[in-house]
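Please consider the following model with attention to its aromatic rings and its nonpolar interior. The account below proceeds from individual contacts to the cores.

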Amino acid sequence: MKISIENETKLIEEILEAYGVVHKEASIVADVITDGDLKGFSTHGLGRFPQYIKSIEAGTIKIEGDYEIEKESASSAMINGNHKFGHYVTVKAMDLAVKKASETGIGIVGIHDSNHYGIAGYYSDLASLQDMIGIVISNTEPAMAPFGGKKALLGTNPITISIPTDDIHNYICVDMATSITARGKLLEAKRKNEEIPEGLALDKDGNPTTDPQAGLEGSILPFGGFKGYALAFMFELLAGPLVSAACGDKVEGTATPDVMCTKGDLLIVIDPEHFAGSMQFKFYVDQFVREIREENGVIPGDREIAMINEHHANGIPVDEALYEQLTEIANKKELDITAYFEE
């Protein structure tokens, strides 16, 4: 079973609006989710959508009210998301960071009391599309044990960096967790009743496991051993206490929809025009990319471009378990979603 990009966007908007979400917010959420599926991040695309509906039902995603700017300077701001959709809050925060960077050279915005926001790369791309460098750091509820430990105390704590380019054939972005795999991969494997590969997770007793549920109850391994753990440690603090959000085992709500989300985000935008100059920076970016390609090297972002082309041509695959979840969600609002899908 599959769904086209256009139909996925319409499906999400229709369901969210039936649940009372205003169109301007539903449209942003739909765009971010669809972008995740387009780029091949199925764990943060339509597969994560049922979690958001559960959060609306539980009251942990608020559909009333709005975010607020609590502190602000020429180049920085602190935002209280007031438990709105993370997608909506983070888009608005990135817009603010871009504005500040254009005026001062750098814009830094912290967010607390928001929610899970899908793929981080969507937001860093908002900066690169305006010829700026976008960086997003977040923490999540615990999924990774400290290096040498057993109990999960750190999140999968992603980072994304998007770089502007003048070459339309180049898309430069790294979007990755500091764990060896995203928690969503285990959640997806659990939904599909599949095992996970060896070397990804430990059970609660510290033993290697291929059972996704055991891995979720235990811990996911960091990428690169101690180096990945060290980055996760630093991001825990930069996206936690620095922005008035929680850290360690106090972070909740990124994977458990029935509790308020306490994670944080740190958005950084750099305007090259205030440094080497935008045109000069992009010239050398594209020159470096050509040098890499001449050596048959891969550019961060190449995989996403391949996935985008594949999914535009052939649609987004939807497994039976996910289709059943979506149908159940739609039935609660007496919506018929069968026409959105095709075999």
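Lys333 is placed over the face of Tyr19, 4.7 Å from the ring centre. A second arrangement of this kind involves Arg303, which lies over the face of Phe41 at 5.6 Å from the ring centre. These values come from a predicted model.

Rings also pair with one another: a search of the whole structure yields ten aromatic pairs. For Tyr52 and Phe85, the ring centres are 6.2 Å apart and the planes meet at 75 degrees, so this pair is edge-to-face. The two residues are 33 apart in the chain, and their pairing links distant parts of it: Tyr52 belongs to helix 3 (residues 49-58), whereas Phe85 sits in the loop between strand 3 (76-80) and helix 4. Tyr52 has 1% relative accessibility and therefore counts as buried; Phe85, at 0%, likewise counts as buried. Elsewhere, ring pairs join Phe147, Phe226, Tyr229 and Phe233 into a cluster.

In soluble globular proteins, nonpolar side chains tend to be buried together. Here, the largest nonpolar core comprises 59 residues, and Leu16, Phe49, Phe85, Met94, Tyr123 and Phe341 have the most contacts inside it. Helix 4 (residues 86-104) supplies the largest share of this core, nine residues. At least three residues come from each of domain 1 (1-57 + 305-342) and domain 2 (66-179 + 222-299). Apart from this core lies another, of eleven residues, including Ile133, Ile137, Ile159 and Val243.

Leaving aside residues up to four places away in sequence, Met94 touches Tyr123, Ser124, Leu126, Ala127, Val136, Leu267 and Val269.

How values were computed
Residues numbered from 1 in each chain as written. Predicted model: local features only at pLDDT ≥ 70, side-chain atom pairs only at ≥ 80, totals over all residues. Heavy atoms only, no water. Core = buried A, V, L, I, M, F, W, Y, C linked by side-chain atoms within 4.5 Å. Buried < 20%, exposed > 50% of the residue type's maximum accessible area, 1.4 Å probe, protein only. Helix = DSSP H or I, 4+ residues; strand = E, 2+ residues; numbered from the N terminus. Domains from an automatic or database assignment. Contact = heavy atoms within 4.5 Å. Phe/Tyr/Trp six-rings, centres within 6.5 Å; stacked < 30°, edge-to-face > 60°. Lys NZ or Arg CZ within 6 Å of the ring centre and 35° of its normal.
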